[in-house]
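Trainee: I have not looked at this protein before, and I would like to go through it step by step. Could we begin by putting the sequence and the model in front of us?

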Amino acid sequence: MNEMRAFFQARTFLSNLLQTIIIIVLTGLLAYGMEQYNLMLEDMKLLYLLAVLIVILQTESFGWTLFSTAMFVGFDALLVHDDESKQLYITSTIIFVVIALIVNVLALRLQKQMEASKESEQIQKRLYEASKGLIKVRGSQEIIDYANEALTNLAGSEAHVYFDISRDDPDEAKKWCLRNSAFCGNGELDFSEAPNKYIPIRSNRKTTGVAVIDCSKKPMTPVIKDLIVAFLTQISIAQERNMLEEKNKKESAIYAREKIKANVMRSLSNDMYPHIKNIEKMAKELEENHTLTEDERDELSKKIQREASYLSDNVDNAIEITSSK
């Protein structure tokens, strides 16, 4: 890894050196041609300033700008011959160096602002894509799986979210983050030696979980940190939405189950009523009709038993239905 980094650094150095030398040589030749045509010294200074600006844009380095500025000052000195030009040379050179340094600072600052703006735009796009995908996910475990994958892509290193953190969890930093609802771990005041950074997942002023991001290979930049915090807010909203949907489903299931119970009980009641009346009728006949033979009495008794057995089964079914959850 170090060899690869050294290789890229050497290649960048050689590339900047070659570009700077080419710009200096071409500018020097052009300045010499201008001197042959007796152009004013101020025109050459503008040429040098333009060349310095090109070096800034090509190398994006303060050091190479200083190097090229010094070379142009030397070229300018070689082209000065008479005493009057020498007096003008000193003044114009000081002005040139000051302007070159100012242009260098402003150009580099502008480049950094443009790079920061471009990076911010890319980050916002990544956050939008991650949030858009989160909308389509349903189920607590599916949300966690998606969040782990999206966070890993956003952070550029392994990341996990945890919502059910028990007191027996061996990771003290994770429990501290949940308990205090504060950042800790790599680069923070608390647990600063830990390889991971711990970020609380907040929802309606309540910490519901913790995100753990591996920072052992590279530290987390403030921009990435803000990006992850914004995405964790989206995760928290998705979890709340999922809990609300599950609650509504549960309530709907309870309502449907109770409705089924009521319908079944009504049906059982309607079905049991004629059998009860039959038992009542046969029992009354058995009691009041003294002309019945022994066989007829036995037959009525058996009918009453069958009706009673049927009612008993229905009562057992009703008990089972009403006691089920």
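The questions and answers that follow take up a pocket, a strand, a helix and a loop residue of this predicted model.

Trainee: Which helix supplies the largest share of the lining of the largest pocket?

Mentor: The largest pocket holds about 300 Å³ of space, and 13 residues line it, with F163, D164, T208, Q239 and M243 lying nearest its centre. At least two lining residues come from each of α5 (140-155), β4 (206-214) and α7 (222-288). The largest share amounts to six residues, and the helix that supplies it is α7.

Trainee: How many residues in the lining of the largest pocket are charged?

Mentor: The lining of the largest pocket can be divided by class, and three of its residues are nonpolar. A further six are polar, and the number of charged residues is four.

Trainee: Which residues of strand β1 have side chains that point to one face and are buried?

Mentor: Strand β1 covers residues 159-162, and its side chains alternate between two faces. H160 and Y162 point to the face whose side chains are not buried. The side chains that point to the other face and are buried belong to A159 and V161.

Trainee: Which residue in β4 stands opposite A159?

Mentor: The strands β1 and β4 run antiparallel and are joined by four bridges. Within β4, the residue that stands opposite A159 is I213.

Trainee: Against which strands do the buried residues of α6 pack?

Mentor: Helix α6 spans residues 172-180, and at its start a side-chain oxygen of D171 reaches to within 3.2 Å of the backbone nitrogen of A173. A173 is itself buried, as are K174, K175, W176 and C177. The strands against which these buried residues of α6 pack are β1, β2, β3 and β4.

Trainee: Why does E188 count as buried?

Mentor: E188 sits in the loop between β2 (184-185) and β3 (196-203). A residue is called buried when its relative accessible area is under 20%. E188 therefore counts as buried, because its relative accessible area is 17%.

Trainee: With which residue's side chain does the side chain of E188 make a polar contact?

Mentor: Leaving aside residues up to four places away in sequence, E188 touches F183, K197 and K225. A polar contact at 3.0 Å joins the side chain of E188 to the side chain of K225.

How values were computed. Residues numbered from 1 in each chain as written. Predicted model: local features only at pLDDT ≥ 70, side-chain atom pairs only at ≥ 80, totals over all residues. Heavy atoms only, no water. 1 Å grid on protein atoms, 1.4 Å probe; cavity = no way out; pocket = protein on both sides within 12 Å on 5 of 7 lines; lining within 4 Å. Points joined across faces, edges and corners; volume = space filled by probe spheres on them. Nonpolar A, V, L, I, M, F, W, Y, C, P; charged D, E, K, R; others polar. Buried < 20%, exposed > 50% of the residue type's maximum accessible area, 1.4 Å probe, protein only. Pairing = 2+ DSSP bridges. Contact = heavy atoms within 4.5 Å. Polar contact = N/O pair within 3.5 Å; in protein donor to acceptor, adjacent residues only side chain to side chain.
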